[in-house]
Amino acid sequence: QVQLVESGGGLVQAGGSLRLSCAASGRTFSSYAMGWFRQAPGKEREFVAVAAISWSGGSTYYADSVKGRFTISRDNAKNTVYLQMNSLKSEDTAVYYCAADLGSRRYPPTTRYEYDYWGQGTQVTVSS
C-alpha cells in the first residue's frame, strides 16, 4: 500500500512558475517509478512526466507539450517527487496528480493504466 499526497498547486499568471510536491509513504520509495499526470475539465487524464527506475539507475521522460518547461525530480531521502513548472501557459490549467508504478510492467510507464496508486490531485490554474 502506498499513500500519496500532493501539494503546491495554485493560481499563477501565464509565464510564471509553480513547484508541485508529492509525498509518498508505505513502501520503499526508491524502488518504483513516480509519475505526474493532469486532467483538464472535459478531457482525459494525460501523462506529464515520469521519474522512472531501471537496473542502471533511472531516467526522466516528458510529454512533448511540457518538454523544456517542466522538470521532474525525486528526493528518495524525503520520499518526495517534485514537478517544477516554468513558463506556464493557460493550457497547463488542470488538476495535477502524482502516481506510483509498483508493477514495472513497461519502461518507461507513460499511461495511466500502468500506475497502481494515485494522489488526490492539486489544482493548477494559469491565468492569461
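In strand S9, Tyr-96 is the bridge partner of Arg-38. The model discussed here is predicted, and this report describes strand S9 with its pairings, then the largest pocket.

**Strand S9**

Tyr-96 also has a bridge partner in S11, namely Thr-122. Further along S9, Ala-100 stands opposite Tyr-117, a residue of S10. These contacts belong to pairings of S9 with S4, S10 and S11, listed below.

| Strand paired with S9 | Residues | Sense | Bridges |
|---|---|---|---|
| S4 | 33-39 | antiparallel | 7 bridges |
| S10 | 117-118 | antiparallel | 2 bridges |
| S11 | 122-127 | antiparallel | 3 bridges |

How much of S9 is buried? Strand S9 covers residues 94-101, and 7 of its 8 residues are buried, so the strand is largely enclosed by the rest of the structure. A residue counts as buried when its relative accessible area is under 20%.

**The largest pocket**

The largest pocket holds about 160 Å³ of space. Which residues line this pocket? The lining consists of Ser-31, Tyr-32, Ala-33, Ile-53, Ser-54, Trp-55, Asp-101, Ser-104, Arg-106, Tyr-107 and Pro-109. By class, the lining residues divide into 6 nonpolar, 3 polar and 2 charged.

The pocket and the strands share some residues. Asp-101 is one of the lining residues, and S9 runs over residues 94-101. Ala-33 also lines the pocket, and strand S4 spans residues 33-39.

Notes. Residues numbered from 1 in each chain as written. Predicted model: local features only at pLDDT ≥ 70, side-chain atom pairs only at ≥ 80, totals over all residues. Heavy atoms only, no water. 1 Å grid on protein atoms, 1.4 Å probe; cavity = no way out; pocket = protein on both sides within 12 Å on 5 of 7 lines; lining within 4 Å. Points joined across faces, edges and corners; volume = space filled by probe spheres on them. Nonpolar A, V, L, I, M, F, W, Y, C, P; charged D, E, K, R; others polar. Buried < 20%, exposed > 50% of the residue type's maximum accessible area, 1.4 Å probe, protein only. Helix = DSSP H or I, 4+ residues; strand = E, 2+ residues; numbered from the N terminus. Pairing = 2+ DSSP bridges.
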